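Me: I should like to understand how the terms used for a protein model are justified. Please explain the reasoning behind each one.

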Amino acid sequence: PGDPTFSAVFGDWLCDMATQDPKLMAVTPAMREGSGMVTFSQKFPEQYFDVAIAEQHSVTFAAGLAKEGLNAVVAIYSTFLQRAYDQLIHDVALQNLPVLFAIDRAGIVGADGPTHQGAFDIPFLRCIPNMVIMTPADENECRQMLYTGHKLQKPASVRYPRGSATGVKPEKSMSELALGKSRTIRQGQKVAILNFGVLLEQAIHAAEELNATVIDMRFVKPLDTQIIDELAANHALLVTLEDGAIIGGAGSAVGEHLMASQHSCKLLQLGLPDEFIMQGTQQEMYAELQLNSAGILSRVGNFLK
């Protein structure tokens with residue numbers, strides 16, 4: 001209680017960005033409250049569009065705005081973006097249009113249950129040409145990534161989870177992140193954890209026990225292949241960590257690069273298994289799926305044995 005939600009971080013960024021950019025147009029398919037857009041809709045009514053429960057239309061409508069020289073932002077839940085996959089490919093990505101997707105409820109969603117688990121957005125976005133995929137680890141990264149995506153002038157997405165964020169206070173200023181560049185959090189030996197998203201704190205706790213390197217990867221696409229090459233050269237095991245489906249996910253992208261580059265180090269992929277995730281709080285499900293620090297330690301230990 002007291003910590004802002006990622007949805008609130010998005011809503012604050014939207015208002016700040018609209019103050020700077022009169023061409024910003026925000027679109028939601030009937031998710032104003034859930035996506036943190038109430039204040040924005042009141043302050044910028046001419047730049048706010050609720051197209052009702054019509055996810056496919058929201059994406060095509062945003063593409064139309066972009067074709068007219070406007071900067072469209074689509075606020076949508078991960079599980080609902082699935083309904084607009086054809087429009088995402090043909091109406092936005094194929095034409096390389098400047099549409100930013102603010103993907104809320106990505107990963108484990110807790111009380112919303114199995115129908116709303118945002119498990120599949122990384123795999124289904126990663127295979128689409130022209131698409132940039134960003135995975136913030138905290139509130140400030142989320143704000144800066146939204147700004148980065150808005151400035152890219154091409155299809156981009158920022159995925160973040162439901163509920164309270166990490167307690168990191170976002171910087172008021174906004175700056176573009178270097179595209180496809182990670183940041184090193186901790187330098188260790190033998191094992192390197194490549195974190196994609198909000199499980200960074202769990203990765204750090206586990207790494208302290210393992211004396212492992214920790215990298216906040218930030219981008220799923222484009223991937224920071226330079227850091228992967230460096231880690232593969234001096235670590236025996238790379239561990240990818242993500243709050244999304246393992247199959248086709250960020251860890252798969254790392255594995256594809258390791259194979260293409262003929263690296264000999266081993267790879268352990270941690271994320272959501274090939275099953276529908278049942279209802280439970282986020283912390284309960286992280287523990288059950290061994291995505292908390294204790295689970296990471298256990299999985300890495302068993303793999304090394």
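**Reasoning from value to term**

Reply: Asp-216 is buried, with a relative accessible area of 0%. This is a predicted model, and the value of 0% is under the 20% cut-off for a buried residue.

Me: Why is the contact between Asp-216 and Arg-183 called a salt bridge?

Reply: The N to O distance between the side chains of Asp-216 and Arg-183 is 2.8 Å. A salt bridge requires a side-chain nitrogen of Lys or Arg within 4 Å of a carboxyl oxygen of Asp or Glu. The pair of Asp-216 and Arg-183 therefore meets the rule. Asp-216 belongs to strand E9 (residues 213-216) and Arg-183 to strand E7, so that the pair links parts of the chain 33 residues apart.

Me: Why is Arg-183 called partly exposed?

Reply: Arg-183 has a relative accessibility of 28%. Partly exposed residues fall between the limits of 20% and 50%, and Arg-183 therefore belongs to this class.

Me: What makes Asp-138, Glu-141, Arg-183, Asp-216 and Arg-218 one network?

Reply: These residues, Asp-138, Glu-141, Arg-183, Asp-216 and Arg-218, are joined by salt bridges that share partners. In the whole structure, the search finds 13 salt bridges.

Me: How do you know that Asp-16 forms a salt bridge with Arg-143?

Reply: The closest N and O atoms of Asp-16 and Arg-143 are 2.9 Å apart, and the limit is 4 Å. Asp-16 lies in helix H1 (residues 6-20) and Arg-143 in helix H7 (residues 139-152), with their positions 127 residues apart in the chain.

Me: Is Arg-143 buried or exposed, and what makes it so?

Reply: Arg-143 has a relative accessible area of 5%. Buried means under 20%, so Arg-143 is buried.

Me: Which class of accessibility holds for Asp-112 and Arg-162, and why?

Reply: Asp-112 has 27% relative accessibility and Arg-162 has 25%. Partly exposed covers the range between 20% and 50%; therefore Asp-112 is partly exposed, and so is Arg-162. Asp-112 also forms a salt bridge with Arg-162, with the closest N and O atoms 3.1 Å apart.

Me: What makes Ala-165 a residue of the largest pocket?

Reply: A lining residue has an atom within 4 Å of a point of the pocket. Ala-165 is one of the 20 residues that line the largest pocket, and it is among those closest to the centre. The volume of the largest pocket is about 420 Å³. Helix H8 gives the most to the lining, with 4 residues.

Me: Which residues lie nearest the centre of the second largest pocket, and how is its lining divided?

Reply: Asp-12, Asp-16, Arg-143, Pro-170 and Lys-172 lie nearest the centre, out of 14 lining residues. The lining divides into 5 nonpolar, 2 polar and 7 charged residues. Asp, Glu, Lys and Arg count as charged, so Asp-12, Asp-16, Arg-143 and Lys-172 belong to the charged class. Pro counts as nonpolar, and Pro-170 is therefore in the nonpolar class.

Me: How many cavities of 30 Å³ or more are counted, and what makes them cavities rather than pockets?

Reply: The count comes to 2 cavities of 30 Å³ or more. The term is used because a 1.4 Å probe fits in a cavity but cannot get out, whereas a pocket is open. The largest cavity holds about 50 Å³ of space, and the second largest holds about 40 Å³.

Notes: Residues numbered from 1 in each chain as written. Predicted model: local features only at pLDDT ≥ 70, side-chain atom pairs only at ≥ 80, totals over all residues. Heavy atoms only, no water. Helix = DSSP H or I, 4+ residues; strand = E, 2+ residues; numbered from the N terminus. Buried < 20%, exposed > 50% of the residue type's maximum accessible area, 1.4 Å probe, protein only. 1 Å grid on protein atoms, 1.4 Å probe; cavity = no way out; pocket = protein on both sides within 12 Å on 5 of 7 lines; lining within 4 Å. Points joined across faces, edges and corners; volume = space filled by probe spheres on them.
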